[in-house]
Amino acid sequence: MDSQHLNPSSLKSRFTARFLRALIKINAQKPISSSSPRDIFQRYRRIKVAADKSMAYSVRSRRTWSRATLWKLRSRSRRRLASSGRRLSIKTRTTTTTTTTTTSTNHRAAIVEKTSHEKENKEDHVGLAVQAEELRELVPGGESMDLCNLLDETAHYIKCLTTQVQVMKKIANLYSLE
Amino acid sequence: MSSRRRRESSRTNISEEQITQLLSTLRQLLPEIPHSHSHKASSAAKVLKQTCNYIKTLHREVDDLSDRLSQLLATIDADSAEAAIIRSLLI
């Protein structure tokens, strides 16, 4: 089970190399002695972003979802650079509105899930559209895709997510053994 | 005009076949749940719902692993661990 002869240009190896490099950088930024909860939370955010970014970069622009993720990350970093330069309070207000929209979409998704149970008994096509909406919100870049492309992108997205989880699990286990 | 309408209806027929094909691909990727009586013709909405739940599970796993890694990074030494990990993961 351990002896997997990995293709050096496979998605898994590309992601692993990128993610490890990012981890080394994150580790080098903060001194190890400072492990206040705020530092740990910041590091958690950076690691999560690095993981998603590494996977999106490993897929490059070949997929709509990876393009959407990269675009989102780049526009976010551009916004952060601009706000840190000018110190506008307006920019921080826009970031808080994005967090409130995500909570409202989660709330909407919960309602959608409940109603889809009833709709499934009545008409399959109606339930399908409702579930497709929920899927669109989960897959990055899903809003502007038709159903065919959405399903195709979802399959690839799931494959990459499982690879990401697999590699992160291995790294975490290896680190915890040290 | 009518030719365009005819072309559009043929396009939707082709995409329905594609949709069923893509759905079966998705169904294979999802983790199997041996609990329920698995009807071969589980509705498309059910497959999509299982897909949504699976993606949410994967997102949550990524969050948990990032959390774990952030705590572990605070406690280990950098360089030697990196080389060992890279070697063991890529060979």
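I began with the burial of C160(A) in this predicted model, and I found that C160(A) is buried, its relative accessible area being 1%. I then looked for a sulfur partner and noted that C160(A) takes part in no disulfide, since the nearest cysteine sulfur belongs to C52(B) and lies 18 Å away, whereas a disulfide needs two cysteine sulfur atoms within 2.5 Å.

I turned next to C52(B), which is in no disulfide either, the nearest cysteine sulfur being that of C148(A) at 17 Å. C52(B) is buried, with a relative accessible area of 0%. Over all chains I recorded a count of zero disulfides.

Where does C160(A) sit in the helix packing? I found C160(A) among the residues of α6(A) that meet α1(A), so I looked up this helix pair. Helix α1 of chain A covers residues 11-29 and helix α6 of chain A covers residues 147-177; the two pack at an angle of about 50°, and their axes are 10 Å apart. Because of that angle I entered α1(A) as oblique to α6(A), and I noted the crossing as right-handed.

For the contact itself, I listed from α1(A) the residues L11(A), K12(A), F15(A), T16(A), F19(A), L20(A) and L23(A). On the side of α6(A), the residues they meet include T163(A), Q164(A), V167(A), M168(A), I171(A) and Y175(A), along with C160(A). Sorted by class, the contact of α1(A) with α6(A) holds ten nonpolar, four polar and two charged residues.

Key: Residues numbered from 1 in each chain as written. Chains lettered and ligands numbered in written order. Predicted model: local features only at pLDDT ≥ 70, side-chain atom pairs only at ≥ 80, totals over all residues. Heavy atoms only, no water. Buried < 20%, exposed > 50% of the residue type's maximum accessible area, 1.4 Å probe, protein only. Axes fitted to C-alpha atoms, helices over the stretch in contact; angles between N-to-C directions. Helix = DSSP H or I, 4+ residues; strand = E, 2+ residues; numbered from the N terminus. Parallel < 35°, antiparallel > 145°, perpendicular 65-115°, else oblique. Left-handed = near helix turned anticlockwise from the far one by under 90°. Contact = heavy atoms within 4.5 Å. Nonpolar A, V, L, I, M, F, W, Y, C, P; charged D, E, K, R; others polar.
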